[in-house]
Amino acid sequence: MEHAIEVNNLTKVYGRPGSGVLAVDHVGFEVRRGEIFGFLGPNGAGKTTTQRMLTTLLEPTEGRITIFGHDLARNAYPVKRQMGLVPEESNVYAELSAWDNLMFTAQLYRVPRRERAARAQELLETFGLWEKRDVKVENFSKGMRRRLSIAMAIIHRPALLFLDEPTPGLDAQSGRAIRDLIRQMNAEGTTVFLTTHQIEEANQLCGRVAIINHGRIAAIDTPERLKAAFRRVQSVEVALEPDGGAHGEPLAALPRATTSVKMGDKWRLYTEDPSALLSQVMAYANSRKLRVVSLSTLGPSLEDVFLEITGQQVGTVHHETPDDKPKRRMRGGGQ
Amino acid sequence: MTFRWRQRILDELAQAWAVAVKDVRVYYLKAPMIMFGLLLPFFLFFSFSVRRQIGAEVGLTRLLALTTFFTASSAGPVIIPLERRSGTYDRLLAAPMSLATLLLGKTLVGAFFALATSIAPLLVGVLVMRVVVANAGLLLVGVVLASLAFSAFGLLFGSIPTRSVGSIMMPSTLVRWPLLFISGIFIPLAEMAPWTRALAYLSPLTYAQDLMNHAVLGTGDLNPWLDLALLPVVLLVFLVLAARMHHRSLVLGAG
């Protein structure tokens, strides 16, 4: 099966070789045709640098990128024709109307003249912007600009779509609409390369994810397999009454708990052995005559995996109390 | 030429045109464009010409040279950093067109701006001041060539990888203003000292001014064919340099 993207030994050094900053360090991965591929990493890990190299906005220091069988360094033109790009910043022309933004992009991508208007109307209707088509974009909300930015990226029906943080800052409805659209485009055959901080978004959308850290690929697999590989970050979530928020320290001190994190009115206790910890939590509640409002076991989330891989292990932040005594590994707060 | 290549060239020309038209619509009324491109040449002209006894014909040649030079070379330094800041420049760089096409589109924007600005002094000169243009065809070709060459000159500054118009205006002003004073606009070449005249020959504005002189006055200090031959060369040299600077930005990841 031919890959949509093949990356070999990709390296980027900002500044002079030898004294520059190494942003991406001999990275290699493939993106299959027709998949939604998530690219995750903490700030400064090399996500955006990698995506800019994949979209011809930055020249690699070393390595090779092949997209749809074309070497990007030698023959970018056919790749660019099949590629759509939604950057983190909604790069629309604020001085033009939504309609004119789409028409301009259609001209750039040489969408046949007779198809432009119909395609623009279809997209504006899909994104709920048809009524505002003649309004200057400077009067649009952030969500509307985002939707227009995506419409501009797909007006030429790209076979490969790059999305950089498509939903942060949007209201829940806009975010959901964009995720639905990504799924729909993917179902119609578009390969999607999704760069995101939103771990749950990647979990919901992506067939496979790569986690990049310090410029290197730290893990690459399906979300479920990654979670399965990190069983040690399973957890038990418990809500107790009365004084639900006051039990963090004793719960964290239970023999099978490795970490406690306050989650609203609940405590999440990380463990390698959830069944043993469940009994200990029940024993703790019984001994203090507490009511167990809810109790559940959770597998590792993709966020837990991400934190583990990127060295930000769950529970590494100490829980602060008024007397600021050192406590067992705890995270969160709000007590 | 195969059909595929012919189609590709037609596509690229259409893309350059689309970029130019979009820029005209988006940026012509931006404050820096009006300040540096529209008002500045007229301020300069009146500052250096009003109290001196010059004929309307000479005034017209000066004003045409000033407007083509300042107006055309203002577009790149204003538009490109504004586009870098809003992220829209990435949209253009990622589009399926060559860098040469993008730069051609950007060159056309400045040239259109200069041509449009030149019309006002020309109309005032011919209709109000009754200036008789010696060679209208040469004037048209001269203004077009000078506008294109100076617009490409402005692209050099626009190619500096920054998102701040102010950061570009500093080097742009440092280079453009000295050129203005050594190019035979305010002091004719024939009246210059030999060493300043040698410097003047290095400035493309000298050849544009000389061409305006030939076209309007019917006389100049240099051969008009030399002026006509050099301005396209200058245009090409500036475009190549701008392309190299853009490529350097892609390597450095700057801007």
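**Exercise 1. Locate A:Arg157 among the secondary-structure elements of chain A and describe its backbone.**

Solution. A:Arg157 lies in the loop between H5 and S7 of chain A, where helices (H or I, at least four residues) and strands (E, at least two) are DSSP runs numbered from the N terminus. The model is a predicted one, in which local features need pLDDT of at least 70, side-chain atom pairs count only at pLDDT 80 or more, and totals for chains, interfaces and linings use all residues. Residues are numbered from 1 along each chain as its sequence is written, while chains are lettered from A and ligands numbered from 1 in the order in which they are written. Turning to the backbone, A:Arg157 has a positive phi of about 50°, although it is not a glycine. Most residues other than glycine have a negative phi, and most peptide bonds are trans.

**Exercise 2. Find the cis peptide bond that involves A:Pro242, and place this proline in chain A.**

Solution. The bond joins A:Glu241 and A:Pro242, with omega at about -5°. A:Pro242 belongs to the loop between strand S11 (234–241) and helix H9 (248–252) of chain A.

**Exercise 3. Describe the open sheet of six strands in chain A and the helices that pack on it.**

Solution. Begin with the strand order, which is S6-S7-S8-S3-S9-S10 with mixed pairing; two strands pair if DSSP finds at least two bridges between them. Strand S6 (83–86) and S10 of chain A are the edge strands, each pairing on one side only. On average, neighbouring strands are turned by 15° against each other, direction ignored. Next, S6(A) runs parallel to strand S7 (residues 160–164) of chain A, and four bridges join them; A:Leu85 stands opposite A:Phe162 in S7(A).

Finally, add the helices. Helix H5 (residues 142–154) of chain A touches S6 and S7 of chain A, and its direction makes about 165° with that of S6(A), such angles running from 0 to 180 degrees between N-to-C directions, with axes as lines fitted to C-alpha atoms, for helices over the stretch in contact. Helix H1 (residues 47–54) of chain A lies across strand S3 (36–40), S7, strand S8 (191–196) and S9 of chain A, at about 150° to S7(A).

**Exercise 4. Work out which elements of domain 1 of chain A touch domain 2 of chain A.**

Solution. The division, from an automatic or database domain assignment, gives domain 1 (3–223) and domain 2 (230–331). Their centres, taken over C-alpha atoms, are separated by 38 Å. Eleven residues from domain 1 of chain A and five residues from domain 2 of chain A make the contact, two residues being in contact if their C-beta atoms, placed from the backbone, lie within 7 Å. On the domain 1 side, helix H7 (199–205), strand S9 (208–213) and strand S10 (216–221) of chain A each supply at least two residues, and the largest share, four residues, comes from H7(A).

**Exercise 5. Determine how H3(B) and H5(B) are oriented to each other.**

Solution. The axes of helix H3 (residues 56–86) and helix H5 (residues 99–128) of chain B come within 8 Å and cross at roughly 155°. H3(B) and H5(B) are therefore roughly antiparallel to each other, since angles under 35 degrees count as roughly parallel, over 145 as roughly antiparallel, 65 to 115 as roughly perpendicular and the rest as oblique.
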